[in-house]
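Biologist: Before we start, could you take me through how a sheet is read in a model like the one shown here?

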Amino acid sequence: MSVYATLRDFFTPPSHLRTRLTAKRLANLYLSRLEHARGAIRLRSYPTKLTIEPTNVCNLRCPACFTGIGSVGRVRSLMSMDLYRQLLNELGDTLFELELCNWGEPLLHTELPTMIAEATQRGISTLLSTNFSVPFDAARAERLVDSGLSVMGVSIDGATQESYATYRVRGQLERVLANCRLMQQAKQRLGRTTPHIYWCFHVFPHNTEDIAAARTMADELGMELVVEKGWVVGEEWGRDTPYQYFKNPDPGRCDFLWTRAVVNNDGGVAPCCGSFYREDDMGGFDYAAAGGRAFRAVWNGPRFRAARRFYAQRPTAEQATAEERAHICYECPATVMWQRWQQHAAGGGERATFDPGFRTNDGFNYFWGRRPAAPPPVAAPEGPREDA
């Protein structure tokens, strides 16, 4: 890549819908990119993208999802509006995008439109992914559209109830499609062009023949169809198929350790979106004690600094302490791939000849395999069923 192209990419801000460019936002972006490129251990910048978990409850039982199979990584609850607003007060001026989903169904949080609206007012682009097989009506649709939501992905992995529910267990396809119509009708009534609504089709062996029909149905609903290969527990399926994952392994310092953060419903800061259990959190918040800078205290806390050091010098299993070996980032495929890449590049190797040593589905299985043998039992209410 030429010097011109490198500088152009460095200074070009992300093209998120509805992000308001400000001097403070841009200054933090450039500082964040510089610290990421340098592999800084202690950061002066804040993340430019934040993922929050409005709730870790879900109404479906998808088989390759921790929540879907009933695992309990932390107490099931809604993120409090107080915690959310304190996060926005600390991070809102520097964020380009806020993603409001991870392991739960975000639309089960009753104040989700308010959360989106408050981020929109700060000039932050907002994104959510939903199974959309939830009770919904025209009033809720208008409130969601009026919140300023930028992008909405709807997970619909089939064109018939039978194929759809094979993965989206307990989901009702007709309900999902009806809810999508309500959103498009609300956009028309309010004269809005957002949110952009995507039909997210995850391909598995059981639904490959549904793609053409799904494309036609998406067109009729005014949605854009996005087809991606679905990950599975265990051996990757169909390596010889034309379907691709949303992202393939590519050597680089992990975005989550420098430019992107994940905060769970209970305030626990996760190392990345693949982490599920509280034991792997990088830290938690105490805004009263931290004087409004609780996130920064965790962002530069010992666990984040340790993870960033792995990218500077990852100790061997013999050299590493027990604490380092137990760290979720120590054996993470992204960390190991970076080490392999550094060795490959030092020997004169190029990207074209580099073998990452794992595939996207292997990365998913790494996090899946970190489940504790016996998660602590926590009494929690069931999420709403599809007939609620």
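**Reading the sheet around strand β1**

Modeller: Since this is a predicted model, let us begin with a unit in which strand β1, helix α3 (residues 81-91) and strand β2 follow a right-handed β-α-β arrangement.

Biologist: How many bridges join β1 and β2, and in which sense do they pair?

Modeller: Strand β2 covers residues 97-100 and pairs with β1 in the parallel sense over 4 bridges, and within β2 the residue that serves as bridge partner of L50 is L98.

Biologist: Which strand is joined to β1 by 4 further parallel bridges, if I look at β7?

Modeller: That is strand β7 (residues 260-263), which runs parallel to β1 and is joined to it by 4 bridges, with V263 of β7 as the bridge partner of I52.

Biologist: Are the two faces of β1 covered or open?

Modeller: In a regular strand the side chains alternate between the two faces of the sheet. In β1 (residues 49-52), K49 and T51 lie on one side while L50 and I52 lie on the other, and these residues are all buried, so that both faces are covered.

Biologist: What is the order of the strands in the sheet as a whole?

Modeller: The sheet is open, has 8 strands with mixed pairing, and is ordered β6-β5-β4-β3-β2-β1-β7-β8. Its edge strands are β6 (224-229) and β8 (269-270), each of which pairs on one side only.

Biologist: Where does β3 come in, and how does it pair with β2?

Modeller: Strand β3 (residues 125-130) pairs with β2 in the parallel sense over 3 bridges, and S125 in β3 is the bridge partner of E97.

How values were computed. Residues numbered from 1 in each chain as written. Predicted model: local features only at pLDDT ≥ 70, side-chain atom pairs only at ≥ 80, totals over all residues. Heavy atoms only, no water. Buried < 20%, exposed > 50% of the residue type's maximum accessible area, 1.4 Å probe, protein only. Pairing = 2+ DSSP bridges. Right-handed = clockwise from strand over helix to strand, strands pointing away.
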